[in-house]
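Here is a quick walk through one chain, from a single helix residue out to the whole fold. Have the structure open as you read.

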Amino acid sequence: VLGLATGSTPIGAYKQLAAWYEKGDVDFAEVSTYNLDEIAVFRTTIPQSYHYFMRENFFDHINIDLNNTHVPDGSNPDAAAACSEYDKIVAAAGYPDLQLLGIGNNGHIGFNEPDDHFSKGTHCVDLTESTISQQPACSTASMIAPSGLHHGHQTIMYARMILVVANGEAKAQAVHDMCYWPGYARVPRFVLQLHTNCVVVADEAALSLCE
């Protein structure tokens with residue numbers, strides 16, 4: 001059971017996994033996936049949706065059963081119902097064995113923006129301009145609203161292992177704070193310090209502020 005992320009950061013990982021599949025080193029026939037989030041879009045088939053992103057960048061290049069791939073339903077006008085249903089699906093799967101995460105320049109994880117509390121289950125949130133600017137596929141013309149459905153901190157923390165991937169100087173402060181800063185809920189990435197099996201893989205630029 002894999003928890004997956006979108007955005008530019010994990011694309012390299014998806015390409016490598018697809019290459020390993022082509023070589024016969026990896027088999028996805030028995031894998032199920034649960035994505036962190038989805039933007040609020042009119043149709044899941046348009047290029048701006050994360051459903052589309054996952055198929056184009058990963059699912060269509062491996063032997064996974066698409067019935068075993070899951071992304072929140074951002075096209076459902078009843079966001080609360082969509083979130084509740086997604087929580088039930090993820091819980092029924094027993095939560096991810098491995099959760100892949102990227103990290104935003106402002107410290108957001110998925111669409112969990114800096115806030116004064118940790119969220120629990122999947123919920124809908126208004127996206128900040130900073131987050132929208134980091135999502136090249138997002139355009140307000142294709143979105144129901146500048147908002148997204150995403151896992152809460154509690155759901156992420158239920159994963160048995162968390163893998164955080166970061167690259168580039170722009171992520172250096174976020175990576176440093178994730179590892180060292182006791183910022184509590186104002187910085188959602190802080191919660192990862194409390195996980196018993198969280199691994200960070202980053203390049204030198206992203207680790208430049210860490211000692």
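## Lys15 and its helix

Lys15 has a relative accessibility of 56%, so it counts as exposed, the cut-off being over 50%. In this predicted model, you'll find Lys15 in helix α1, which spans residues 11-23. What is the distance between the C-alpha atoms of Lys15 and Phe58? They are separated by 7.1 Å, although the two positions lie 43 residues apart along the chain.

## Aromatic pairs

Phe58 turns up again among the rings. The chain has four aromatic pairs, one of them formed by Phe28 and Phe58, whose ring centres are 5.6 Å apart. With the planes at 90°, that pair is edge-to-face. Phe28 sits in the loop between α1 and β2, while Phe58 sits in the loop between α2 (50-57) and β4, so the pair ties together parts that are 30 residues apart in sequence. Are these two residues buried or exposed? Both Phe28 and Phe58 are buried.

Tyr95 and Tyr158 make another pair, this one tilted, because the planes are at 50°, with ring centres 4.7 Å apart. Tyr95 belongs to the loop between α3 and β5 (98-101), and Tyr158 to the loop between α5 (153-157) and β8, so this pair ties together parts that are 63 residues apart in sequence. Tyr95 is partly exposed at 21% relative accessibility, and Tyr158 is partly exposed too, at 41%.

Back with the phenylalanines, which residues form one aromatic cluster? Phe28 and Phe58 do so along with Tyr14 and Phe59.

## The sheet and a helix across it

Now for the strands. Six of them build an open sheet with parallel pairing, and reading across gives β4-β2-β1-β5-β8-β9. The edges are β4 (69-70) and β9 (198-202), each of which pairs on one side only.

At the β9 edge, strand β8 (residues 162-166) pairs with β9 in the parallel sense over five bridges. If you want a spot to zoom in on, Leu163 has Val199 of β9 as its bridge partner. Over by the other edge, helix α3 (residues 79-92) lies across β2 (33-35) and β4, and it runs at about 145° to β2.

## Cysteines without a bond

How many disulfides does the structure hold? Zero. Take Cys179: its sulfur is 5.0 Å from the closest cysteine sulfur, in Cys210, and a disulfide needs the two within 2.5 Å, so that's too far for a bond. Looked at from the other end, Cys210 is in no disulfide either, with the sulfur of Cys179 as its nearest cysteine sulfur.

The two cysteines fall in separate burial classes. Cys179 counts as partly exposed because its relative accessibility is 34%, whereas Cys210, at 18%, is buried because the limit is under 20%.

## The chain as a whole

Zooming out, the chain has six helices and nine strands. It runs to 211 residues, 45% of which count as buried. About 10100 Å² of the chain is exposed, and carbon and sulfur atoms supply 53% of that area.

What share of the contacts between residues at least 6 apart in sequence joins residues at least 24 apart? That figure is 79%. The Phe28–Phe58 ring pair, with its partners 30 residues apart in sequence, and the Tyr95–Tyr158 ring pair, 63 apart, are two spots where you can see distant parts of the sequence tied together.

Key:
Residues numbered from 1 in each chain as written. Predicted model: local features only at pLDDT ≥ 70, side-chain atom pairs only at ≥ 80, totals over all residues. Heavy atoms only, no water. Buried < 20%, exposed > 50% of the residue type's maximum accessible area, 1.4 Å probe, protein only. Helix = DSSP H or I, 4+ residues; strand = E, 2+ residues; numbered from the N terminus. Contact = heavy atoms within 4.5 Å. Areas by Shrake-Rupley, 256 points an atom, 1.4 Å probe, with all protein chains shown as cover. Pairing = 2+ DSSP bridges. Axes fitted to C-alpha atoms, helices over the stretch in contact; angles between N-to-C directions. Phe/Tyr/Trp six-rings, centres within 6.5 Å; stacked < 30°, edge-to-face > 60°.
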